[in-house]
Amino acid sequence: MKHALPVGVVVVAAGSGQRLGQGIPKARVLCGGRTLLERSLDAVLASGVAASIVVVLPEGDDVLSAVVSRAAGRAGNTTVVPVTGGATRTASVRAGLDALPPSAAVVLVHDAARALTPPEVFRRVAAAVAAGAPAVIPVLPVVDTVKVVDGDVVTATPDRGALRAVQTPQGFDAPALRLAHEGIHPADPSATDDAMLMEARGATVRVVDGDALSFKVTTPLDLVIAEAVLAREAAGPSVAG
Ligand code: CTP
Ligand code: MG
């Protein structure tokens, strides 16, 4: 079912995957026999929220361009287009926003690296934006105690109960996010997510429940976990857990 407001989804997949260390862009890395990008795009399509999808790719990446073309072929009425990203995640998001149709009233920004994100999360975030929140982020409780440090000395221990770990897709009123992006230089590495650009402008950012499966494949261990999740799914419901 399509959303009441036209929803555009920007999937950022232009990173190089340094921490994964495979020597290829992370979106191209195989997980359960399929690329991380292919899995992410399937989740977006399965959610049914997107009128249009912009996929932000490393420059000249023919492998990922082909992944996008194949996704476009199974996307029905949803348009799926590739664009070239930039040197920072912020620059890549901006390239995606620039390529979104102006008719997209709501935009979801999603990391391709969160390849196992359940389709329900896209629906939850899109519904919260449609209900009037200018910015919506999916979050999880923080399980570890977190310290503030100065060098090798601890200076504070924030109340864990007030902390949340933040995931994507993050959802926004599209014009508001465009304005927020105009307020930062795309090369500035300090913006680690889009919601903080909205916070800086005084916008209310609301939280909805994230999902453990939306973890970002960042390190080799994350890939092992993702493979294990897929193997368990393939084994079917008879496997405990
Ligand atoms: N990303 C992007 N353009 C960049 C950097 C990141 O589109 N210049 C995307 C990545 O492709 C990823 C998401 O932003 O889907 C989150 O970034 P991250 O997990 O840091 O991915 P990489 O930057 O590829 O990994 P690393 O930092 O380990 O190099
Ligand atoms: Mg990175």
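How much space lies in the largest pocket? I would like to start there this morning, and I should say at once that what we are looking at is a predicted model. The answer is about 890 Å³. A total of 34 residues line this largest pocket, and those closest to its centre are R19, K26, R89, D111 and K216. If we ask which helix gives the most to that lining, it is helix 3, covering residues 89–99, which contributes 3 residues. Sorted by class, the lining of the largest pocket comes to 13 nonpolar, 13 polar and 8 charged residues.

The second largest pocket has a volume of about 200 Å³, and it is lined by 13 residues, of which A115, L116, T117, L230 and E233 are the closest to its centre. At least two residues of this lining come from helix 1, residues 36–47, and at least two come from helix 7, residues 220–235. By class, the lining of the second largest pocket holds 8 nonpolar residues, 1 polar residue and 4 charged ones.

Let me turn now to how the helices pack. Two packed helices are described by the angle between their axes and the distance between the axes, and I will keep to that scheme for three pairs.

Helix 3, which we have just met at the largest pocket, packs with helix 5, residues 174–182, and their axes come within 11 Å and cross at roughly 135°. Angles over 145 degrees would count as roughly antiparallel, so helix 3 and helix 5 are oblique to each other, and their crossing is left-handed. On the helix 3 side the contact involves T90, V93, R94, L97 and D98, while helix 5 brings L177, R178, H181 and E182. Taken by class, this contact of helix 3 with helix 5 has 3 nonpolar, 2 polar and 4 charged residues.

The next two pairs both involve helix 1, which also supplies residues to the lining of the second largest pocket. With helix 2, residues 62–73, the axes come within 10 Å and cross at roughly 25°. Because angles under 35 degrees count as roughly parallel, helix 1 is roughly parallel to helix 2, and the crossing of these two helices is right-handed. Here L37, E38, L41 and L45 of helix 1 make the contact with L64, V67, V68 and A71 of helix 2. The residues of this contact divide into 7 nonpolar, no polar and 1 charged.

With helix 4, residues 119–130, the axis of helix 1 comes within 8 Å and the two cross at roughly 55°, which makes helix 1 oblique to helix 4. The crossing of helix 1 and helix 4 is again right-handed. In this pair A43, V44, A46 and S47 of helix 1 meet P119, F122 and R123 of helix 4, and the residues in contact are 5 nonpolar, 1 polar and 1 charged.

Before I stop, there is one detail of the backbone to point out. Which two residues does a cis peptide bond join? They are T168 and P169, and omega is about 5° for that bond. As for where to look for it, P169 sits in the loop between strand 10, residues 164–166, and strand 11, residues 170–173.

Definitions and conventions: Residues numbered from 1 in each chain as written. Chains lettered and ligands numbered in written order. Predicted model: local features only at pLDDT ≥ 70, side-chain atom pairs only at ≥ 80, totals over all residues. Heavy atoms only, no water. 1 Å grid on protein atoms, 1.4 Å probe; cavity = no way out; pocket = protein on both sides within 12 Å on 5 of 7 lines; lining within 4 Å. Points joined across faces, edges and corners; volume = space filled by probe spheres on them. Helix = DSSP H or I, 4+ residues; strand = E, 2+ residues; numbered from the N terminus. Nonpolar A, V, L, I, M, F, W, Y, C, P; charged D, E, K, R; others polar. Axes fitted to C-alpha atoms, helices over the stretch in contact; angles between N-to-C directions. Parallel < 35°, antiparallel > 145°, perpendicular 65-115°, else oblique. Left-handed = near helix turned anticlockwise from the far one by under 90°. Contact = heavy atoms within 4.5 Å.
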